[in-house]
Amino acid sequence: MARGTPAFPRPLSLLLEAWLPIVLFAAWWVAGANSESLYFVSLRSILEAFRTQWLSAGAADHILSSMANLAAGYALATAVGIALGVALGLARPVGEALGPILEFLRSVPGVALLPLGLLILGVGSDMKIALITYGALWPILLNTIDGVRGVDAVVRDVSRSYRVPLRFRLTRIVLPSAGPQIIAGMRTSLSIAITVVVFSEMIGSTEGIGYSILQAQRNFAIPEMWAGMLLLGILGYLLNIAFRGVEHWVLRWHRAMTAAPRS
Amino acid sequence: MSTQAITLRAAGRTMPTGLVAKVATVAAALALWQLLSATRVLDPDTIPAPTSIAVAAARLAGEVPFWHAFGLTLTGWSLGLLLSAAIAIPAGLLLGSSDICYRSCRFTIDFLRTIPPVAMVPLALLLYGATTQMKLVLIVLGSVWPLLLQTMYGVRQIDPMSRETARSYRLDRLRRTLFIVLPGASPFVATGVRISATMALLLTIGAELIGSAEGLGNGIGLAQSASDVPRLFALIAFSALLGVAVNAFFVTVERRALAWHVAHRPSPGR
Amino acid sequence: MAEPHTRRILVRDGEDGNPAELVLSVRGACKRYGTREIFADINIDVTRGSVLTVVGPSGAGKTTLLRCIAGLLEPSAGEILLDGEPVREPPEKLAVVFQDYSRSLMPWMSVRANVELPLRGKGVGKKERRRRAHAALADVGLETSADLYPWQLSGGMQQRVAIARALAYGPEALLMDEPFASVDAQTRSDLEDLVLDLRDRLGITVVLVTHDIDEAVYLGDTVVVLGGRPTRVDKVVKVPFGRDRDQAGTKARPDFIDLRTRVLERIRQARD
Ligand SMILES: Nc1ncnc2c1ncn2[C@@H]1O[C@H](COP(=O)(O)OP(=O)(O)O)[C@@H](O)[C@H]1O
Ligand SMILES: [Mg+2]
């Protein structure tokens with residue numbers, strides 16, 4: 001955040017960011033150690049379960065399966081969403097005529113399609129990837145259409161009057177101009193994609209992190225269930241950081257511009 | 001937390017001339033689908049014709065249990081959203097106004113919000129079984145974050161000039177919150193409400209489907225087990241319509257309430 | 001670069017008595033939006049190497065007219081001829097400097113990339129592109145700002161970048177839409193002199209639209225006064241100052257004051 005971040009001295013600033021996670025961690029550690037509850041187990045046993053379950057050789061399959069489906073579905077959604085979004089954004093009458101259909105399809109709750117996915121594609125990666133793609137497609141597609149339509153009228157005049165050919169128009173004008181909105185859509189899509197991965201593994205699957213969590217719950221292996229959730233939190237956090245890194249780089253002009261004082 | 005908040009544009013473009021094209025496109029798409037079904041390009045056992053879906057939908061609409069399930073989904077969704085708002089908006093105002101609070105909570109919030117709420121389904125099921133409570137816990141866990149973040153961004157982006165104006169006229173803290181902070185942040189809050197509402201509907205149906213709690217989601221699961229494909233499609237269509245209605249509702253409210261905001265003013269013609 | 005098919009049209013009243021070559025002419029142009037007529041029967045001739053200014057009140061349709069000339073908009077009736085050829089789409093021989101400089105430069109590109117963008121479309125190689133962009137930026141005195149982004153520059157500098165982009169494109173004529181309307185007074189007079197200087201050095205033809213009467217008279221060899229409803233050419237004024245003009249001297253000349261007063265009165269009359 002550009003505004004309103006007064007400069008604290010560095011160690012103090014670090015302390016400020018870290019105290020709450022440390023306190024929460026410690027509180028759980030202490031409270032959990034004496035906990036009688038069946039469900040809120042001690043943090044020590046969760047970490048122990050995390051180590052045996054997720055830091056061992058057998059874990060790689062589950063994690064890889066989840067991540068591969070996530071990557072495939074998300075990549076597909078991004079490619080289709082941007083390509084289709086640019087086309088529909090530029091061919092404005094077509095995009096507008098298709099508006100109601102897109103609005104309807106977007107409103108289909110992704111989870112409601114799972115039974116249908118099972119029916120058509122059966123159990124397996126194809127079904128999961130299709131579902132992830134469907135869920136993650138809409139924010140990217142709709143934001144791209146909006147971003148492309150929002151290209152400034154003066155910018156459009158400039159590119160026409162200087163006879164910028166279509167391919168440069170796309171790569172140097174339309175995409176960068178719609179960039180911030182496309183990225184915002186991609187960020188929403190990422191969290192949807194993670195949700196759909198886990199969800200699709202809970203129903204109709206025998207592998208993946210979601211499956212492991214549900215399986216642990218069914219076997220009343222409560223520390224293992226918590227360990228799975230912890231893993232998802234860590235992976236999600238890392239993915240977000242990676243995403244922010246990419247965003248930071250792609251939109252460096254935008255960041256600098258919004259931070260610059262208005263002339 | 002990211003440096004940019006999402007401001008989805010709520011301003012829908014309505015063009016009377018475009019209406020004909022829209023209706024025609026929908027009709028053409030349905031006709032094409034019907035044709036593909038009739039010629040058996042689409043297998044009617046997996047993707048039934050629009051007419052058989054319509055028949056199933058009409059039958060559903062005549063069933064009392066369907067409306068009961070519909071009502072339960074709607075109640076779960078709206079209660080969950082209300083609860084989320086009651087938590088997220090005050091928390092967002094606090095985090096947005098105080099840099100110390102913001103920086104203290106940043107990591108915790110970032111970590112918690114990345115855990116997909118469906119991962120909590122097993123836990124919620126253990127704790128509450130297939131009940132409305134279970135649904136509510138899940139909905140709140142999932143939909144509290146977008147609203148919290150948007151509110152926070154909304155407060156942080158308020159022009160410092162208006163805060164300083166308020167302070168120079170010696171408005172007290174309560175009045176500053178009421179007249180400057182809340183209205184200033186409201187476009188972002190409104191966007192947050194819309195994102196959260198969509199998320200909440202998704203989670204309501206998801207919780208019903210995995211957790212077998214009564215509602216539309218459970219109905220979808222049952223239709224699948226019974227291999228009643230047209231009914232399955234009809235239920236999916238109903239939940240999509242519910243989604244369309246929810247979004248339209250919030251867009252309308254937003255446009256009324258925020259008519260003063262730039263995004264809703266008629267754009268100068270060019 | 002004279003093209004073989006170019007018809008050369010000569011008119012009598014060139015500067016210093018010689019026949020001058022017609023570059024651009026607007027023949028009976030008219031633009032309607034629905035039933036509303038913005039301008040009607042506009043006739044304008046522009047000779048090579050001259051500055052023609054178009055002056056008229058806000059909302060008169062100056063931008064609309066300029067967009068028609070630039071081939072961005074089709075007139076409802078009449079035609080635009082460039083070197084005798086009708087303009088149907090944006091021609092390569094014209095470059096436009098838009099009114100809104102902050103929107104006409106791409107904020108995601110450096111100043112250099114902005115200037116080079118039109119050259120990419122022409123298929124100019126990288127080295128040549130660099131050279132031409134540098135030369136154009138030097139022409140407007142911005143060669144040291146090539147690596148900055150537009151939003152790091154002041155308004156006047158941004159408009160200079162837009163002018164450099166137009167120059168690098170290598171046009172025969174420059175169309176400018178109220179190019180200095182939103183910069184401060186000092187910058188404005190600097191930029192006005194830049195236009196005159198470019199015309200002298202590069203021999204470029206300029207069509208400049210403005211609502212400012214002083215600016216129109218100071219810059220123009222010919223001033224076209226628009227007025228009425230729908231907008232028509234109310235009067236065409238020849239400015240007899242020749243090429244030597246300077247902000248302080250020219251604007252203090254009695255015939256300058258006389259001329260601007262006459263133009264002002266025309267506009268007042270046209271409005272009533
Ligand atoms: N696309 C359009 N549709 C309808 N009216 C337009 C359109 N573009 C411009 N106009 C109208 O034409 C008039 C002239 O506009 P403009 O050329 O921008 O004037 P100027 O540049 O002289 O200020 C204005 O009243 C404007 O409302
Ligand atoms: Mg104008």
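In this predicted model, the accessible surface of chain C amounts to about 12100 Å², and carbon and sulfur atoms contribute 47% of that area. The fold beneath this surface is a mixed one, with 9 helices and 11 strands. Along the principal axes, the C-alpha atoms of chain C occupy a box of roughly 50 × 45 × 40 Å. The radius of gyration of chain C is 18 Å, in agreement with the value near 19 Å for a compact globule of 272 residues. Of these 272 residues, 54% are buried. Contacts in chain C with a separation of 6 or more are formed to 66% by residues 24 or more positions apart.

The charges of chain C are matched in number, with 40 positive and 40 negative, and the mean positions of the two sets lie 4 Å apart. An unreviewed UniProt entry assigns residues 24-253 of chain C to the feature "domain: ABC transporter". This span is 36% helix and 27% strand, and its end C-alpha atoms are separated by 31 Å.

One residue of chain C deserves a closer look. E178(C) sits in the loop that links β8 (173-177) to α6 (185-202). Its relative accessible area is 7%; because this is under the 20% cut-off, E178(C) counts as buried. Beyond the neighbours within four places in sequence, the contacts of E178(C) are K62(C), Q99(C), V209(C), T210(C) and H211(C).

Chain A presents another picture. The secondary structure here consists of 12 helices and 0 strands, so that, by the DSSP runs used for counting, the order of elements from the N terminus reads α-α-α-α-α-α-α-α-α-α-α-α. The C-alpha atoms of chain A fill a box of roughly 75 × 60 × 30 Å along the principal axes. A compact globule of 263 residues would have a radius of gyration near 18 Å, whereas the value for chain A is 23 Å. Buried residues account for 48% of the 263 residues in this chain. Among contacts in chain A with a separation of 6 or more, 75% join residues 24 or more positions apart.

The surface of chain A can be described in similar terms. Chain A exposes about 12100 Å², with 69% supplied by carbon and sulfur atoms. Its charged side chains number 20 positive and 14 negative, and the centres of these two sets are 14 Å apart.

For chain A, annotation again comes from an unreviewed UniProt entry. The feature "domain: ABC transmembrane type-1" is listed there for residues 63-243. In the model, this span is 85% helix and 0% strand, and 19 Å separates its end C-alpha atoms. The feature "transmembrane region" is placed by UniProt (unreviewed entry) at residues 12-31, 71-91, 103-123, 129-148, 192-214 and 226-243 of chain A.

Two of these annotated stretches can be set side by side. Residues 129-148 of chain A are 100% helix and 0% strand, with end C-alpha atoms 27 Å apart. Residues 103-123 of chain A, in turn, are 62% helix and 0% strand, and their end C-alpha atoms lie 28 Å apart.

Methods
Residues numbered from 1 in each chain as written. Chains lettered and ligands numbered in written order. Predicted model: local features only at pLDDT ≥ 70, side-chain atom pairs only at ≥ 80, totals over all residues. Heavy atoms only, no water. Helix = DSSP H or I, 4+ residues; strand = E, 2+ residues; numbered from the N terminus. Rg over C-alpha atoms; globule rule 2.2 N^0.38 Å. Buried < 20%, exposed > 50% of the residue type's maximum accessible area, 1.4 Å probe, protein only. Contact = heavy atoms within 4.5 Å. Areas by Shrake-Rupley, 256 points an atom, 1.4 Å probe, with all protein chains shown as cover. Lys, Arg positive; Asp, Glu negative; His and termini not counted. Charge placed at Lys NZ, Arg CZ, Asp CG, Glu CD. UniProt positions renumbered as here; feature names shortened; annotations may be inferred.
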